[in-house]
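Colleague: I would like to learn how to read a few features of this model. Where do we start?

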Amino acid sequence: RGRRSIIDATTLQTKESASLFPPAMVASQVASALPLHAAARAGQEERVRYLIEHEKEDVNSLDAFDSSALFYAVYGGHCSLVEYLLANGAQADPASFIGERCVYGALNDEIRTLLKRHNATDFSTAAKHPFPRFLATLQRKDQFHDVRFVFGDDQDDAKVDSVFFTAPRVVLGARSPTLRSKFLTTWRGTPEVRLSSKKASPSATLAVLSYVATGRLVVDAADIADAEKVASALKLGPAVSAFLHAEDARRRQEDDDAGEDDEHASKGALKVRRRMKKQKMVVFEDDVASLRLSFESMADYVSTPTRRRQEVPFFEEACDLVLECAEGVRIDVPSAFLRTHSEVVDAALASSMAEAETRVFRVADLAWPAASAVIRWCVCGSCAGKTDSTLAAEVLSAAHRLLMPSDLVHAAAGALADALHQNDDPHAALDALPYAELAQDHGNDKLYDTICSLCAAHLDDALANSDRFKDAVLHSAH
């Protein structure tokens, strides 16, 4: 009830909520709500239906608090309203920021069950992917931010100067051909870049730059046209451009329709409408496949041993760390990707080797194909091509030793389990048992279960190697 009182306008006036929230705060929340969101928050299903079906309100529009109507409905426990919103296209994918908030903001088990039954919230298949999460982490931590964008044409323009954006240029350059070219020419070696605020509003430019860095665009509805210009200038993918173009066309049509009504509206009503427009946010998120694809060319380059590369200037300049593998093979990589993924590498480079401009991290017992697969996963979230059992085992071991995310351990354990199942060899399965134990340390039982199944299916062959089989059985019993 305490949570519901935060969000439900009908209970904000109760004694219980009054003791928790000052009247000014309550009034601010209610006054700033968009009509659709206010109705969803109050559980007014008929009002919500009218706004969506007759006023053509966007069911997935966000308010100034980055929240959708579905979020307010699940947070308030309005079950029938949640069902209606889901049936009418409300986004509830837990792999997205908006959907994740709905899942964890649900008031009760009944609401969670509704979300779970919905196709977009199949928890067994739609867990949040680690790569978008990594980009968000990289942007949130400013450790690797090496370029700062300041908005304003005049050096003395203090008002516009207060709006700025920082990010790792390696991420921006990998995603945008225009930024990549600028970093090699006009902005080469420049820690601060001044952008004009005449062609597009600073808030629109900031929103698009943030999208380049994270794959997630959150832009004020009033800035959509400017955001489309910026996205076009940066030569971003067709998906975000098409989305912005469609949103701009829809907004223009809404303005035309509203213009006819404004002729007969009072000054107070006009003031409310203008405020509602300013508070409406539009969100676009790259799907995981498209996001990873935007980093693939860099991943292909930096995961190749240095001596075998055909030089690409921007990617080469971004490599500030040398990974030295078995047999002295060296791979130059951008440190931001590897250090963010590995606590061991980050700790080593943050201490004694921090003063060197190009640093070296040695993993003498790691073969370069496994090192290459690890690097590629760090840069684009995927290991290329078919992974055999030997490579999968080496990647799993490396991920464990370097204290990398469990997601990589799970991926390697899954690849190793698939390879063992395909080979159908109980002796190879017994060889993989130590790796299954590493995977279990990270909460993954798939590899161990595969080994047990193979030994059970070929029990005579396993018993022929009786000492090893006995040791494996005794070890697993403990």
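Colleague: How do the residues of the lining of the largest cavity divide into nonpolar, polar and charged?

Modeller: Bear in mind that this is a predicted model. Start with the general idea. Rolling a probe the size of a water molecule over the atoms shows where empty space is left. Here the lining of the largest cavity has 9 nonpolar residues, no polar ones and no charged ones.

Colleague: Which residues line the largest cavity, and what is its volume?

Modeller: The volume is about 50 Å³. The lining is made up of Leu323, Leu338, Val345, Val363, Leu366, Ala371, Val374, Ile375 and Leu402. Helix α23, residues 368–380, gives the most to this lining, with 3 residues.

Colleague: How many cavities of 30 Å³ or more does a search of the whole structure find?

Modeller: The search finds 2. The second largest has a volume of about 30 Å³. Its lining consists of Val59, Asn60, Leu62, Ser68, Leu70, Ala90, Gln91 and Ile98. Those residues divide into 5 nonpolar and 3 polar, with no charged residue.

Colleague: Now strands. Which residues of β2 point to a buried face?

Modeller: The general rule comes first. In a regular strand the side chains alternate between the two faces of the sheet. Strand β2 covers residues 164–167, and its Phe165 and Ala167 share a face and are buried. Phe164 and Thr166 point to the other face and are not buried. Strand β1, residues 147–151, runs antiparallel to β2, with 4 bridges joining them. Ala167 in β2 is the bridge partner of Val147.

Colleague: Are the faces of β6 covered or uncovered?

Modeller: Both faces of β6, residues 321–324, are covered. Leu321 and Leu323 are buried on one side, and Val322 and Glu324 are buried on the other. Leu323 also belongs to the lining of the largest cavity.

Colleague: Which strands pair with β6, and in what sense, parallel or antiparallel?

Modeller: Take the two partners in turn. Strand β7, residues 330–333, pairs with β6 in the antiparallel sense over 4 bridges. Val333 in β7 stands opposite Leu321. Strand β8, residues 359–362, runs parallel to β6, and 4 bridges join them. There, Phe361 is the bridge partner of Leu323.

Colleague: In the hairpin of β6 and β7, which residue takes a positive phi?

Modeller: Glu327 does, with phi near 60°. The hairpin has 5 residues between its strands.

Colleague: Where is Asp320 found, and is it buried or partly exposed?

Modeller: Asp320 is found in the loop between α20 (313–318) and β6. Asp320 counts as partly exposed because its relative accessibility is 24%, and buried means under 20%. A polar atom of the Asp320 side chain lies 2.7 Å from the backbone nitrogen of Ser335. Along the chain Asp320 and Arg359 are 39 residues apart, yet their C-alpha atoms are separated by 6.7 Å.

Colleague: Last, a helix. What should the 13 residues of α14 span?

Modeller: Use 1.5 Å a residue. Helix α14, residues 202–214, should therefore span 18 Å, and its end C-alpha atoms are 18 Å apart, which agrees.

Colleague: Which residues in α14 are buried, and which residue follows the helix?

Modeller: The buried residues are Ala204, Thr205, Ala207, Val208, Leu209, Tyr211, Val212, Ala213 and Thr214. Gly215 follows α14, and its phi is positive, near 85°.

Terms used
Residues numbered from 1 in each chain as written. Predicted model: local features only at pLDDT ≥ 70, side-chain atom pairs only at ≥ 80, totals over all residues. Heavy atoms only, no water. 1 Å grid on protein atoms, 1.4 Å probe; cavity = no way out; pocket = protein on both sides within 12 Å on 5 of 7 lines; lining within 4 Å. Points joined across faces, edges and corners; volume = space filled by probe spheres on them. Helix = DSSP H or I, 4+ residues; strand = E, 2+ residues; numbered from the N terminus. Nonpolar A, V, L, I, M, F, W, Y, C, P; charged D, E, K, R; others polar. Expected span 1.5 Å × (residues − 1). Buried < 20%, exposed > 50% of the residue type's maximum accessible area, 1.4 Å probe, protein only. Pairing = 2+ DSSP bridges. Polar contact = N/O pair within 3.5 Å; in protein donor to acceptor, adjacent residues only side chain to side chain.
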